[in-house]
Amino acid sequence: MADATSVLHVSPVIPVVTIEDPQHAVPVARALADGGVRIIELTLRTASALTSMKLIAEEVPEILVGAGTVLTPGQADAAVAAGAQFLVSPGVTPSLLDHLLTLGVPVLPGVATVGEVMGVLERGLTAMKFFPAGPAGGPDYLAAIGAPIPQVQFCPTGGVSLGSAPKYLALPNVACVGGSWLTPRGAIENGDWQQITTLAREAAGLGLNQG
Ligand code: 3PG
């Protein structure tokens with residue numbers, strides 16, 4: 001089982017993916033993997049998300065599949081039962097964190113303030129999602145956090161694009177970024193898997209410039 005820090009190092013971009021129709025799940029995951037992105041954060045924002053999770057976990061072993069938008073302990077349990085290999089939350093509460101830490105899978109809690117970073121760090125975690133990255137302060141804010149707290153590695157997500165990703169990835173406390181731009185809704189609905197592979201290849205290429 002991977003730990004949370006190694007989850008951050010699978011790809012320079014973690015695609016945040018929302019799938020309505022489970023029939024799209026496997027082709028989307030394969031399209032990302034074909035483009036060199038071997039990780040997917042599948043959001044629990046649709047009624048069928050767990051069905052999609054199970055299909056990807058069973059049929060696309062070449063990709064690490066995690067659950068995003070984990071808001072409650074029950075959602076976390078259901079995601080792990082469906083095959084989620086890591087869990088991502090947009091924010092943290094003490095009770096959610098307590099529960100996530102019992103599940104035996106890597107966890108990336110969402111944080112947006114220095115106090116929240118310190119709270120999660122106190123629980124022994126050093127890998128976190130920084131959300132919502134753009135509105136919360138962007139690369140300058142993360143660089144400032146890195147001065148007093150250099151031991152935490154972040155995955156900034158929320159308002160990040162192919163254009164803004166390099167500024168984040170250049171920071172020593174950023175291991176990867178997250179974003180939904182690799183899997184546009186239209187491409188999924190039209191079955192344009194080639195477009196997703198092309199976007200994934202571009203995103204995977206961001207890692208070539210990382211030190
Ligand atoms: C998330 O849940 O991480 C965000 O919805 C992704 O944000 P983005 O759509 O701005 O990439």
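Author: A nonpolar core is a set of buried Ala, Val, Leu, Ile, Met, Phe, Trp, Tyr and Cys residues joined through side-chain atoms within 4.5 Å. Buried means under 20% relative accessible area, exposed over 50%, partly exposed in between (1.4 Å probe, protein chains only). This model is predicted: local features need pLDDT of at least 70, side-chain atom pairs count only at pLDDT 80 or more, and totals for chains, interfaces and linings use all residues. Numbering starts from 1 along each chain as its sequence is written, and side-chain values use heavy atoms, leaving out hydrogens and water.

Reader: Which helix gives the most to the largest nonpolar core?

Author: That core has 72 residues, and L32, I56, L87, F154 and V177 have the most contacts inside it. Seven of its residues come from one helix (a DSSP run of H or I, at least four residues). This top contributor, residues 25–34, is α2.

Reader: Which residues does I56 touch, not counting those up to four places away in sequence?

Author: Contact means heavy atoms within 4.5 Å. By that rule, I56 touches A25, V26, A29, I40, L42, I63 and V65.

Reader: Is T183 buried or exposed?

Author: T183 sits in the loop between β9 (177–179; a strand is a DSSP run of E, at least two residues) and α10. Beyond four places in sequence, T183 touches V16, V17, V28, L32, I188 and I196. Its relative accessibility is 6%, so T183 counts as buried.
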